[in-house]
Amino acid sequence: MFSLQQKEYFKSLETPFYYYDLELLKNTLLAVKQAAGSAYHVHYALKANAHPTLLAPIVEAGLGADCVSGNEVKRALECGFTHEKIVFAGVGKSDKEIAYALDHDIFCFNVESIPELEVIDLIAASKNKKAHIALRINPNVDAHTHKYITTGLEENKFGINPYEFDQVLDKLGSLKNCRLIGLHFHIGSQIQDLNAFKNLCLRVNEINQWFIHKGYLLDHINLGGGLGINYQEPDTAAIVDFESYFSIFRNFLQLPLQQQVHFELGRSISAQCGSLISRVLYIKHGINTHFAILDAGMTELIRPALYQAYHKIENISQSDSSLTMRYDVVGPICESSDCFGKAVELPETKRGDLIAIRSAGAYGEVMSNRYNLREGVQSVF
Ligand code: LLP
């Protein structure tokens, strides 16, 4: 929901742009900190949104950083995350990225395969360093989410499978420059059925016990991220129910007291504070449809085209909703998938109206691109 003042301000700006509500972000951070308590360590997944202005309050709230590229590690350091709170994950870390992370003594590499372990060991040896390693494990737990954002099934490319554990431990025994300090899990994103996290806990308990029996009582267990948000109700459900989320882990995770518990939340922290604001360029009347053609497209927000994702669409220039019409809300890009929503009910909409596409603070601006030589998108706070 936008105030009159905000709407006036938006009118004066060139579109499209991302608008971020920093107040909401700060309140979300308070909620996550309170629900996590002192026992749980939360890292923010920079992949969701790595804008320095958003990272500042996240650093201030004391969260760690979950990075998936050398540039994200660099951004995290530049924005004030301390090196001992940075984890580096990803199936395809390059030698250069590994070297950079080692040079900056990050907390931990979440390692996804034996060949990666060997490379990290080699690079660490060349620098006379010991890399801290957590094994990313594929727990084969179904996250019941979109197939493109489910990661914890055997068929996915992510993580090490249980049948490889013995081999990995043998390998680690021979590597002098890697120290195993944790286990890492992540089963997917936009998970709304909390039962998936309960199933994850039960698998983690078993797998952790297996490692303990082998003599590896590891310092930390990282449960990844994935908590979903309510895209239908960006105002009434602006802050995710973090209490219910963490209580699943309190109830079902059974770890020895000395093991630290880590999380990597992205979407649930930054999604609701961002909206993509654009202008209607044209209203075009088709045979059975009216098209509202915006000056923002899949280049600015690709989620609807890529995952058939729903984002609430609002006309914030028209307050009289007594007369509504259905519009296919589309962008200007030369692709039929460049559509934000079909048959969207809006007040009668005109050229020049401002349209807000809500819940776009995570995986929005970071996934934008310059296809069609588009201008690139601005951020407004
Ligand atoms: N940890 C790992 C290892 C991950 O792969 C991810 C997200 C996260 C943490 C953070 O997950 P979150 O709390 O944000 O769900 N572009 C897609 C989402 C891709 C998620 C990739 N991994 C989308 O727009 O829905």
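# Exercises on a predicted structure

Asn128 sits in the loop between helix H6 (114-126) and strand E6. Keep in mind as you work that this is a predicted model.

## Exercise 1: Two residues with positive phi

Find out what the backbone of Asn128 does at phi, and decide whether Asn128 is buried or exposed. Then do the phi and accessibility steps for Asp105.

**Solution.**
- Step 1. Start with the background: most residues other than glycine have a negative phi.
- Step 2. Now check Asn128: phi is near 60°, a positive value, and the residue is not a glycine.
- Step 3. To call a residue exposed, you need over 50% relative accessible area. Asn128 comes in at 74%, so Asn128 is exposed.
- Step 4. Move on to Asp105, in the loop between helix H5 (95-103) and strand E5 (108-111). Asp105 is not a glycine either, and has a positive phi of about 50°.
- Step 5. The relative accessibility of Asp105 is 41%, so this residue counts as partly exposed.

## Exercise 2: An unusual peptide bond

What kind of peptide bond joins Thr15 and Pro16, and where is Pro16 found?

**Solution.**
- Step 1. Most peptide bonds are trans.
- Step 2. Look at omega between Thr15 and Pro16: the value is about -5°, and the bond is cis.
- Step 3. Place Pro16 on the chain: you'll find this residue in the loop between helix H1 (4-11) and strand E1 (17-20).

## Exercise 3: The two sides of a helix

Work out which residues of helix H4 (residues 70-78) are buried and why they line one face.

**Solution.**
- Step 1. List the buried ones: Gly70, Glu72, Val73 and Ala76.
- Step 2. Look down the axis of H4. The buried residues fall within an arc of 165°, so they line one face of the helix.
- Step 3. Recall the geometry: an α-helix has 3.6 residues a turn, so residues three or four places apart point the same way.
- Step 4. Check the other side of H4, where Asn71 and Glu78 are exposed.

## Exercise 4: Two buried asparagines

Which backbone atoms do the side chains of Asn222 and Asn138 come close to?

**Solution.**
- Step 1. Asn222 belongs to strand E8 (residues 220-222). With a relative accessible area of 1%, Asn222 is buried.
- Step 2. A polar atom of the Asn222 side chain lies 2.8 Å from the backbone nitrogen of Gly224.
- Step 3. Asn138 is in the loop between strand E6 (131-136) and helix H7 (165-174). Asn138 is buried, again with a relative accessible area of 1%.
- Step 4. The Asn138 side chain reaches the backbone nitrogen of Asn140 at 3.2 Å, and one of its polar atoms is 3.3 Å from the backbone oxygen of Phe158.

## Exercise 5: Around the ligand

How many residues surround the ligand, and why does the ligand lie between domain 1 and domain 2?

**Solution.**
- Step 1. The count is 18, and the closest are Ser189, Glu264, Arg303, Tyr307 and Tyr363.
- Step 2. Sort the shell by type: 6 nonpolar, 6 polar and 6 charged residues.
- Step 3. Pick out the polar pairs. A ligand oxygen is 2.9 Å from a polar backbone atom of Gly266. A ligand nitrogen is 2.7 Å from an N or O atom in the Tyr307 side chain, and a ligand oxygen is 2.6 Å from one in the side chain of Tyr363.
- Step 4. Check the cover: the ligand has 590 Å² of accessible area on its own, and the protein covers 91% of that.
- Step 5. Strand E9 (260-265) and helix H11 (303-307) are the elements that give two or more residues to the shell.
- Step 6. Both domain 1 (4-16 + 272-380) and domain 2 (22-270) give residues to the shell, so the ligand lies between them.

Methods: Residues are numbered from 1 along each chain as its sequence is written. This is a predicted model: local features need pLDDT of at least 70, side-chain atom pairs count only at pLDDT 80 or more; totals for chains, interfaces and linings use all residues. Side-chain values use heavy atoms; hydrogens and water are left out. A residue is near a molecule or strand if one of its heavy atoms lies within 4 Å of it. A polar contact is a pair of N or O atoms within 3.5 Å; within protein, one must be able to donate a hydrogen and the other to accept it, and residues adjacent in sequence count only if both atoms are side-chain atoms. Accessible areas come from the Shrake-Rupley method with a 1.4 Å probe; for residues, only the protein chains shown count as cover. Helices (H or I, at least four residues) and strands (E, at least two) are DSSP runs, numbered from the N terminus. Ala, Val, Leu, Ile, Met, Phe, Trp, Tyr, Cys and Pro count as nonpolar, Asp, Glu, Lys and Arg as charged, and the others, Gly among them, as polar. Domain bounds come from an automatic or database domain assignment. Buried means under 20% relative accessible area, exposed over 50%, partly exposed in between (1.4 Å probe, protein chains only). The arc is that of the directions from the helix axis to the C-beta atoms.
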